[in-house]
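Visitor: I would like a close look at a single helix, taken slowly enough for a first-year student to follow. Could you then set that helix beside some other parts of the chain?

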Amino acid sequence: MSEFRVTTETQEAPFTTSTEVIYQWNYDPEVEELRRLYVKAAEAQWVSERDLDWERDIDMGLFESTPLGLGLPIQETSYWRGLPAQKRLELTRKTAAFRLSNFLHGEQGALMVASQLVNAVPHTDAKFYAATQTMDEARHVEVFAKYIEKLDEIQPIAVPLKKVLDDTLQTGDWLKKLVGMQIVVEGLALFSFRDMRNLTEEPLLKDLLTYVARDESRHHAYGVQYVERCVPQLSASHLEELEDFALDAARTLIDARRSSTLFSSVLEIWTNAGLDAAELLESAGKELPDILAKQNKKRRLGPVQGFVIPTLRRCGLLSDRVATHYHEMLAANLSPSVAGEDLEDFLSRIPDLPEDTAAWVLSELQEDELELPAGVSAQPTA
Ligand SMILES: [Fe+2]
Ligand SMILES: [Fe+2]
């Protein structure tokens, strides 16, 4: 145990946010669906120490099945398979430590945003729900930190994620906080957790992600149900601001035309571990269409197109104005045959949100949605 200090070496310099505080004197249920969600959340509380078996060592034999998170089966390429087994495992471990570290730091951001929402949202039911989310997020921080320490070591937060968290913490508009956190960040997280949970065969990681993903599906539902209720009451200019806030966050996280994205960070990790990233991407670009065809798999939509955009549409935050920007961004990052040839084509490809996100997040991955286009680049699915 280290000595107790008020100021520690690991803490960052404080910054000021403009969160407002609202008392609400009506304690009766007012937003029934949020009240129900709050009860569900209270019933579904779990305890890391009690419910997960931390005595188990991480099964490194099974760990290699953990996905790299690029949305493509890089592990099937000849370049990757030609690497010595030890190297492959090291790369998988480093990549997972990076991804899990960013999940972890994202959870800290969610913890703080959820607690801000307790102060800022105007309805009692919404304050209650944000309180249960705050508790959930504390647990998520706890379990990710613990798992990474077993696996490798905690890596610093990626620059783009830090920016989105800072912006979401700093805005004074609680609706922007909901859009930034519950819709964009947690939408992306839900998609990644589902992917990792489905594909990894490492038992402790699978168990942990099952618990976390179940909580996250409620957090996302909170954002959807609350924002959807509010949208019809907002001015046109406020709606535009919310749309832009979401777009900005999505761009920061996935637009590869910007200097730094989560994808470029993964490539950097690989390069540092001695891998020739350019050669890997080249072999991936050539081989992936065949690999996917042989597996009889179709390319799934990525987290933005497949989940965040459907969420925004459901909430009433996808005007043609902002949809045009999304299409332009996705077309630049993927091929137009994935993003859609034009706005109309893009809009026609947006799937409906799953009826029951809690069931969806725990369901097997579907081979669905889009055919892999010929000549796909090995860029991340966006
Ligand atoms: Fe979380
Ligand atoms: Fe969450």
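Guide: What follows looks closely at helix 8 and then turns to a few other places in the chain.

The model is predicted, and the mean pLDDT of the protein chain is 90, with 93% of its residues at 70 or more. Within the chain, confidence is highest in helix 6 (residues 124–151), at a mean of 98, and lowest in helix 15 (residues 336–339), at 76. Some caution is needed over residues 368–382, where the pLDDT is below 50, although this stretch has 48 contacts in the model beyond near neighbours in sequence.

Helix 8 itself runs over residues 174–199 and has 26 residues. From its first C-alpha to its last, helix 8 reaches 35 Å, which is close to the 38 Å expected at 1.5 Å a residue. If you follow helix 8 along its length, you will come to a kink of about 35°, centred on Glu-186. Helix 8 is also mostly covered, with 23 of its 26 residues buried.

To see what "buried" and "exposed" stand for here, it helps to compare two single residues. His-327, which lies in helix 14 (residues 320–333), counts as buried because it has 24 C-beta neighbours inside 10 Å, and 20 or more are needed for that label. Leaving aside residues up to four places away in sequence, His-327 touches Ala-339, Gly-340, Leu-343 and Phe-346. Gly-61, by contrast, is 266 residues from His-327 in sequence, and the C-alpha atoms of these two residues are 41 Å apart in space.

Ala-13 is found in the segment before helix 1 (32–43). Ala-13 is exposed, because the other C-beta atoms within 10 Å number 4, and the label applies at 12 or fewer. Between Ala-13 and Leu-52, which are 39 residues apart along the chain, the C-alpha separation is 34 Å.

Finally, a pair of helices shows how two such elements can lie side by side. The axes of helix 5 (residues 85–120) and helix 7 (residues 159–170) come within 10 Å and cross at roughly 5°, so helix 5 is roughly parallel to helix 7. On the helix 5 side the contact is made by Asn-102, His-105, Gly-106, Gly-109, Met-112, Val-113 and Gln-116, and on the helix 7 side by Leu-161, Leu-165, Thr-168 and Leu-169. In an α-helix there are 3.6 residues a turn, so residues three or four places apart point the same way.

Note on methods
Residues are numbered from 1 along each chain as its sequence is written. Chains are lettered from A and ligands numbered from 1 in the order in which they are written. This is a predicted model: local features need pLDDT of at least 70, side-chain atom pairs count only at pLDDT 80 or more; totals for chains, interfaces and linings use all residues. Helices (H or I, at least four residues) and strands (E, at least two) are DSSP runs, numbered from the N terminus. The expected span of a helix is 1.5 Å times one less than its number of residues. The bend at a residue is the angle between axes fitted to the seven residues ending there and the seven starting there. pLDDT is the predictor's confidence in each residue, from 0 to 100. Two residues are in contact if their C-beta atoms, placed from the backbone, lie within 7 Å. Axes are lines fitted to C-alpha atoms, for helices over the stretch in contact, and angles run from 0 to 180 degrees between N-to-C directions. Angles under 35 degrees count as roughly parallel, over 145 as roughly antiparallel, 65 to 115 as roughly perpendicular and the rest as oblique.
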